[in-house]
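Trainee: Could you walk me through this fold, taking the helices before the sheets and the core?
Mentor: Gladly; let us look at it together.

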Amino acid sequence: MHLDSAIEILNENSIDGAIFFRPQELVMLANHYPHWNGSVLVSTRHGQHILFTPDLEPAPIEVASGIEVVSYPWATAANDPWLGLLSRIKNMLGEGASVAINTSLSQPAPSSNAGEGSIIPISFFLAFKDNFKLIDINVSLNELLSVKTPKQIEQIKLTHTIALPAISEFFKVKAGCTDAELAARIEAEVAKQSGKSGTSYSRAWATIQSGPDTKNACRYNKTGSRIIQNDDWVFLEMSVCVNGYWLDLTRTTIAGSPTQQQTIHFDLVYGAIQAALELAKPGVSLKSLYQASMQIFKDAGLSHCFPHGLGHGTGFSYHDPSLAINDSNNTLLRPGHVITIEPALYGDEINGGVRIEENIVITDDGFEYLSKPQTKIQES
């Protein structure tokens, strides 16, 4: 579906070809989650597709039908591997061809070798402008990334299934451990799932903040070494990637027994989620979801404690672009949109911060939870 749509974009705009290299684009278009982050998909307006992969890319390399896989010398190259790859692309597209590319180079998702980063140097991309007529298709790509097919949604559901033991581990929190120790236990639960249920790769990035540090969760999420105390807010922000498909969720709980005030604040945030979800269906604007949640906080006199947007797209990366849920985005929901809903309260009135973040997919007549929803301040 997405690859056909990409070719339609080329033909509608009389563009000769396209070059895709960000991991989220490769997952979306080729069902290829790269390891070395050096794979490049080249497509022509006539429907020819070649995925160029570096010679050390782990086998087997499985891709969507209709895509040819060609290995290029990288580690074994006697000369500059990028000049060689550029020559192959020129032979395919023709020098001076009009080429669609995401020129922003923004927000690439990590590959499965996340610590390495991309192996492709910036000089490779700079050489494009001397060989092709570049046309930025960032907006069109973002629109493609925002809609998931049924098969892709099944993969995102698998990511959520793999994450369940990690979420359960979070709710076991007790006073006496450090934020870092809890984060490590959570990440380990996801790592243990690799090889299960068709999972070739599973990894979590968990950040834990506790006590007064949770006030900062409106600005950043950073795991420290603080020792968790009784009656602390404890805050989990977590991304999980399974086979190249992502989730983004937040859970907040209490170490010990929650006070009446903590329960009230949690229930307000939960109510803000429900207010947005009551509207979640095709044809409703993202702005409307934000306003519904914000109204809950306005009625409680706490709107100043909710300083950020209500959510965003996710699935092909931790944060998919173009579906920011805020007070100015009039984009209408469509079936296949995968979004987060994450209202929150932070500040001295809250004595910290509390956020719940759920992942949902918009269906033909409403929405479906992808995450197992948090409904209570303490879950078993």
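Mentor: One definition before the helices: axes are lines fitted to C-alpha atoms, for helices over the stretch in contact, and angles run from 0 to 180 degrees between N-to-C directions. Helices (H or I, at least four residues) and strands (E, at least two) are DSSP runs, numbered from the N terminus. This is a predicted model, in which local features need pLDDT of at least 70 and side-chain atom pairs count only at pLDDT 80 or more, while totals for chains, interfaces and linings use all residues. Residues are numbered from 1 along each chain as its sequence is written, and side-chain values use heavy atoms, with hydrogens and water left out.

Trainee: OK, at what angle do α7 and α8 cross?
Mentor: The axes of α7 and α8 (residues 179-191) cross at roughly 155 degrees and come within 7 Å. That makes α7 roughly antiparallel to α8, given that angles under 35 degrees count as roughly parallel, over 145 as roughly antiparallel, 65 to 115 as roughly perpendicular and the rest as oblique.

Trainee: And which residues of α7 meet α8?
Mentor: From α7, Ile162, Ala163, Pro165, Ala166, Glu169 and Phe170 meet Leu182, Arg185, Ile186, Glu189 and Val190 in α8, where contact means heavy atoms within 4.5 Å.

Trainee: How do α2 and α6 cross, then?
Mentor: Their axes, those of α2 and α6, come within 11 Å and cross at roughly 60 degrees, so α2 is oblique to α6. The contact is made by Gln24, Glu25 and Met28 on the α2 side and by Leu141, Leu144 and Leu145 on the α6 side.

Trainee: Switching to sheets: what is the strand order in the one with six strands?
Mentor: That open sheet runs β4-β3-β2-β1-β5-β6 with mixed pairing, two strands being paired if DSSP finds at least two bridges between them. At the edges stand β4 (68-72) and β6 (133-136), each with a single partner strand, so one side of each is left without a neighbour in the sheet. On average, neighbouring strands of this sheet are turned by 25 degrees against each other, direction ignored.

Trainee: In which sense do β1 and β2 pair?
Mentor: Antiparallel, as β1 and β2 (residues 40-44) are joined over four bridges, and Ile19 stands opposite Val42 in β2.

Trainee: Which strands does α1 lie across?
Mentor: Helix α1 lies across β1, β2, β3 (49-54) and β5 (98-101), at about 55 degrees to β2. Helix α3 (residues 81-93) also packs on the sheet, touching β1, β2, β3, β4 and β5, and its direction makes about 15 degrees with that of β2.

Trainee: What about the sheet of three strands, what's its order?
Mentor: The order is β7-β8-β9, an open sheet with antiparallel pairing, in which the edge strands β7 (202-210) and β9 each pair on one side only. Strand β8 (residues 232-242) pairs with β9 over 11 bridges, and the bridge partner of Val242 is Tyr245 in β9.

Trainee: Last topic: how many residues are in the largest nonpolar core?
Mentor: It has 33 residues, and those with the most contacts inside it are Phe20, Met28, Leu29 and Leu41. Such a core is a set of buried Ala, Val, Leu, Ile, Met, Phe, Trp, Tyr and Cys residues joined through side-chain atoms within 4.5 Å, with buried meaning under 20% relative accessible area, exposed over 50% and partly exposed in between (1.4 Å probe, protein chains only). Elements α1 (2-12), β1 (17-20), α2 (23-30), α6 (138-146), α7 (150-170) and β9 (245-255) each supply at least two residues of this core.
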